[in-house]
Amino acid sequence: MLEFKALDSNFQLLTLLTPTNIQWNRKYYTYGDFTIIIPIEQYSSNIKYIYTKDRPETGEVKKMLKMEDTKYVQLSGYFLERTLNDKVIYPTFYGSGQLIQTVENMIRQYKEDIPIKEITHQEGLVSSTIEYQETGSELADKCYETLQTQEMSYKCVYNFENDELNVIIYKGEDKTQSAEGNEFVTFSTVQDTIKNPTINIDKSKYKNYFIIAGSDKAENRIVAYLDLSNGNYKYKQFIDQRDVQFDDEKQTLEEYKEELIQKGLEKSLDYVIEQTVDFKIIPQGYEYMKDYDLGTKVDCVLDEYGIQLEARIVEIYEVMKQGDISVEIKIGNVIRNKNNLRR
């Protein structure tokens with residue numbers, strides 16, 4: 001059974017918890033959330049954080065519910081990744097260079113009084129070069145949006161022993177059959193590693209060709225084009241980015257168009273084919289958090305539906321009750337602006 005600690009606003013230990021029920025909802029392209037039910041005698045209004053060394057997430061308590069005629073208290077909230085949304089990107093952020101370093105610099109510039117010690121990235125992680133400017137967005141949402149264009153994410157990891165909060169940019173391992181490695185993970189109804197799959201395929205918002213219009217007016221307006229059609233039928237979408245101004249003293253016209261292309265890549269996440277499979281894990285064959293984890297790219301084979309996917313694990317829902325842990329995962333492409341929090 002996992003050990004959970006209640007911490008105060010300074011991350012100091014208040015008490016060890018003996019929860020009766022825990023829902024630990026981990027997410028890759030947005031912040032996750034949690035619910036924990038504890039005996040009323042363990043509750044204190046000073047509880048700010050829920051920590052366990054057995055998971056990379058630390059929960060920040062946002063709600064308390066004491067139900068009538070019970071001896072338990074329900075605490076719920078979000079993981080520390082959401083803390084970055086306490087800050088906004090203002091004044092305007094300008095960045096140029098590797099996407100990873102650009103996001104790191106953006107966090108450093110706007111984190112203000114969030115007690116983050118180090119902002120680093122996974123060893124060996126590489127990214128493309130971008131031109132970048134942003135104004136007014138909440139910091140966490142913008143980090144997720146930017147990193148998702150290259151299938152990356154970030155996590156806020158609190159080290160209880162050293163009393164350190166660090167931000168790490170990372171990308172889940174690729175364990176598909178087509179990857180170069182020799183460790184593969186395949187979830188399949190034939191192999192009996194999947195239980196009760198729910199399949200969702202939604203092509204209604206799909207676009208693959210983007211016209212990104214920047215500054216100036218009429219025939220003088222600067223326009224960039226992002227073609228993701230791979231030579232196939234074009235589903236076009238116009239994106240108005242006149243708020244991204246061209247300053248010829250700070251950048252060339254080509255650099256400005258690259259900036260518009262980056263905006264187009266971020267907006268394109270709203271128009272992907274949403275193709276997801278939710279299923280419960282049958283605990284055999286693969287070990288959770290060793291063979292696969294949040295962000296791992298895996299194969300999913302559902303022969304009876306004619307579905308074969310190479311996709312990342314984008315959400316993991318854990319329910320811990322009476323010493324047992326059940327795991328349900330979601331793989332696939334998710335629409336970025338659908339932040340469906342499950343309770």
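Here is a short chat about one sheet and the largest pocket of this predicted model.

Q: Let's start with the open sheet: what is the strand order, and how is it paired?
A: The order is 16-15-17 across 3 strands, and the pairing is mixed.

Q: Which are the edge strands?
A: Those are strand 16 (223-227) and strand 17 (236-240), each of which pairs on one side only.

Q: And how much are neighbouring strands turned against each other?
A: On average by 20 degrees, with direction ignored.

Q: Do strand 15 and strand 17 run parallel or antiparallel?
A: Parallel: strand 15, residues 209-213, is joined to strand 17 by 5 bridges. As one example, Ala213 has Asp240 in strand 17 as its bridge partner.

Q: Nice. Which helix packs on the sheet?
A: That's helix 3, residues 253-268, and it touches strand 15, strand 16 and strand 17. Its direction makes about 45 degrees with that of strand 16.

Q: Switching topic: what volume does the largest pocket have?
A: About 640 Å³.

Q: Which residues are the closest to its centre?
A: Glu151, Leu269, Val272, Ile273 and Asn333, out of 26 residues that line the pocket.

Q: Which elements give two or more residues to that lining?
A: Helix 3 again, along with strand 20 (307-321) and strand 21 (324-333).

Q: Which of them gives the most?
A: Strand 20 does, with 5 residues in the lining of the largest pocket.

Q: Last one: how does the lining divide into nonpolar, polar and charged residues?
A: There are 12 nonpolar, 9 polar and 5 charged residues in the lining.

Conventions
Residues numbered from 1 in each chain as written. Predicted model: local features only at pLDDT ≥ 70, side-chain atom pairs only at ≥ 80, totals over all residues. Heavy atoms only, no water. Pairing = 2+ DSSP bridges. Helix = DSSP H or I, 4+ residues; strand = E, 2+ residues; numbered from the N terminus. Axes fitted to C-alpha atoms, helices over the stretch in contact; angles between N-to-C directions. Contact = heavy atoms within 4.5 Å. 1 Å grid on protein atoms, 1.4 Å probe; cavity = no way out; pocket = protein on both sides within 12 Å on 5 of 7 lines; lining within 4 Å. Points joined across faces, edges and corners; volume = space filled by probe spheres on them. Nonpolar A, V, L, I, M, F, W, Y, C, P; charged D, E, K, R; others polar.
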